[in-house]
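Biologist: Hey, got a few minutes to walk me through this one? I'd like to get my bearings.

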Amino acid sequence: MTSCLLSLLFVLSPVVLSIMAAAEPAGCKIRITNRGLEMLKFETQKFVEEELSNITMPEMKGHEGRFQYTITDVKVTELNLTHADLRFIPDVGLLFDVQNSSITLSFNRQILYWFFYDTGNINASAEGVNINTALNLIRDDEGRLKINNITCDARIAKMKAKFSGTLGRVYDFLARFLTTGMRFLLNKQICPALNHAALVHVNSMLETIPVRSEVNDYIGIDYSLIDDPVVTSQSLDMHFRGMFFALSHQNNTLVNYAVDPVIREYDRMVYLALSEFFFDSGLFSYYTAGIFQMHIVNEKMPKDLEMLLRTTYFGAIMMLNPALVDAPISLQLAVNSPPKTSIKTSGATVVMTATVKVMVLPPGQPPVQLSSMTMETKFNAKVSMKGKRLAVQADLRRFKIYSNQSALESLALIPLQAPLKTMLQMSVVPLINNWTKRGVRIPLADGMDFVEEVVEYHNGFIVIGANLHFSKGLREMIAGSNTTETETNNI
């Protein structure tokens, strides 16, 4: 019986593991809607026109009846993809569809007819151009968005050429023969050109989007996809791990028990959803890196606070050693557990608990502890977007201190509440905001930015709706994909 159960577990274990992996909540989600796709369509259309304009065709040689011909220097001179569409294919990816469009070409001719040798330029036009291209989007092994494969079908309904020169009318029947061959060759060139554009050029641009990168000198962020993109007729949804980590302890990570963020809207071009885990992992990483510690002494200590501390602990100093009365007094703050984020419909708050030690610093001697107290603080956290950077600014909302030694000392600390709160607001809060004001980059390609954003707070997560602004064209974005910014370097 035991062996049967073990065999069953062995068989089911891959299934169980895959279910567990799929059940991992996302710390960050991005939705691109049909409105966003509409803007992307114009950039895609320009990019496709540029790619097709670079099509090269082989030299054509042959003879037909009394004609011997050589066709060279075939060039695309104009594309008119007026009826182009970009839309989602549910469970697959994207469809770029071109219907009833035209392509104009020019090429050189060398024709021998009996004893007449003729050269010149020919203009040809391909009409009824239909291109149907489907791009399959997946999560690759590194957790990056990637075009996995492309299916393409290109058809040209008809093609015509107009010969100029003395023998123009004589060449009319030859034109029909040549355009048939050229239409066949052009059909064969379109899809390979688009395949190369998608699988090489666009994928190279997607590789510049940060997956695991440094945020600053202390922490990094993991933006790897946790599953394949979810594509419906209305949107493309991408689910990212959205987890910060300390650079000095990269394997010391936080388990995601937060609410899975939900995006229900489709009105704006793009939506960004962030769970409490996204922010908690950042605070946990700063805590792991040892950032939440501060030593306030000498010029950092407000004079009125120093005087109040000296007065409050005068008796303790005298009992220790009267010679310490004039020694500098310091405060040592150390957060004793990772801060926690709470997101409600009313806003976001961060709760932080720290140990505060009052120390006297006799010259040339070890520090002497006068008191140890616990400080409980609650901050309001305001989330904002600028371009493709997410920033958080904190403001002190609630402050409380109490003694770790006795209830009686807690009463004696009441006069310290107000000056310590002021010191915290003037010294510690700006320090925290200085770490977060630069913000963290969200996983968008360089050249795409958020504009007209609106932040909405829900129970357990935040949703930011925005429109997209292209500061660069798709061709420029791809051209710059080989120059990776320092902040996007993988670590």
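Modeller: Sure, and let's begin with a definition: two strands pair if DSSP finds at least two bridges between them. Keep in mind that this is a predicted model.

Biologist: OK, so which strands form the open sheet, and in what order?
Modeller: There are six strands in the open sheet, running β10-β11-β1-β13-β22-β21, and their pairing is antiparallel. At the edges sit β10 (230-231) and β21 (448-458), each of which pairs on one side only.

Biologist: How many bridges hold β1 and β11 together?
Modeller: Six bridges, in the antiparallel sense, between β1 (residues 28-33) and β11 (residues 235-240). For a pair to look up in the viewer, take I30, whose bridge partner in β11 is M238.

Biologist: And C28, at the start of that β1 range, is it buried or exposed?
Modeller: C28 is buried, because its relative accessibility is 0% and the cut-off for buried is under 20%.

Biologist: Speaking of cysteines, how many disulfides does a search of the whole structure find?
Modeller: The search turns up one. That disulfide links C152 and C191, with an S to S distance of 2.1 Å. C152 is in strand β7 (residues 145-162) while C191 is in helix α3 (residues 172-206), so the bond ties together parts that are 39 residues apart in sequence.

Biologist: Is it left-handed or right-handed, and why?
Modeller: Left-handed, because the torsion about the S-S bond is about -75 degrees.

Biologist: How accessible are C152 and C191?
Modeller: C152 is partly exposed at 24% relative accessible area, whereas C191 counts as buried at 13%.

Biologist: New topic: what joins β18 to β19?
Modeller: 14 bridges do, and strand β18 (residues 368-386) runs antiparallel to strand β19 (residues 389-403). One of the partnerships is A381 with A394 in β19. The hairpin has two residues between the strands, and G387 there takes a positive phi near 70 degrees.

Biologist: Which other strand does β19 pair with?
Modeller: β19 also pairs with β20 (residues 440-441), over two antiparallel bridges. There you'll find R389 opposite R441 in β20.

Biologist: Back to phi for a second. Which sign do most residues other than glycine have?
Modeller: Most of them have a negative phi. N100 has a positive value, near 50 degrees, and E452 has one near 55 degrees.

Biologist: Where do N100 and E452 sit?
Modeller: N100 lies in strand β5 (residues 93-113), and E452 is in strand β21. That puts E452 in an edge strand of the open sheet. N100 is exposed, with 55% relative accessible area, and E452 is exposed with 55% as well.

Biologist: What about nonpolar stuff on the surface?
Modeller: L408, L411 and I414 make a nonpolar surface patch of about 350 Å². L408 belongs to helix α7 (residues 407-412) and counts as exposed, at 67% relative accessibility.

Biologist: Let's zoom out. How many helices and strands are there?
Modeller: Nine helices and 22 strands. Of the protein's 491 residues, 48% count as buried. The accessible surface comes to about 24700 Å², and carbon and sulfur atoms account for 55% of that.

Biologist: Which contacts link residues that are far along the chain from one another?
Modeller: If you take contacts between residues at least 6 apart in sequence, 70% of them join residues at least 24 apart.

Key. Residues are numbered from 1 along each chain as its sequence is written. This is a predicted model: local features need pLDDT of at least 70, side-chain atom pairs count only at pLDDT 80 or more; totals for chains, interfaces and linings use all residues. Side-chain values use heavy atoms; hydrogens and water are left out. A disulfide is a pair of cysteine sulfur atoms within 2.5 Å. Helices (H or I, at least four residues) and strands (E, at least two) are DSSP runs, numbered from the N terminus. Buried means under 20% relative accessible area, exposed over 50%, partly exposed in between (1.4 Å probe, protein chains only). Patches are made of residues with over 30% relative accessible area and no salt bridge: like charges are joined within 9 Å, nonpolar side chains (Val, Leu, Ile, Met, Phe, Trp, Tyr) within 5 Å. Accessible areas come from the Shrake-Rupley method with a 1.4 Å probe; for residues, only the protein chains shown count as cover. A salt bridge is a side-chain nitrogen of Lys or Arg within 4 Å of a carboxyl oxygen of Asp or Glu. Contact means heavy atoms within 4.5 Å.
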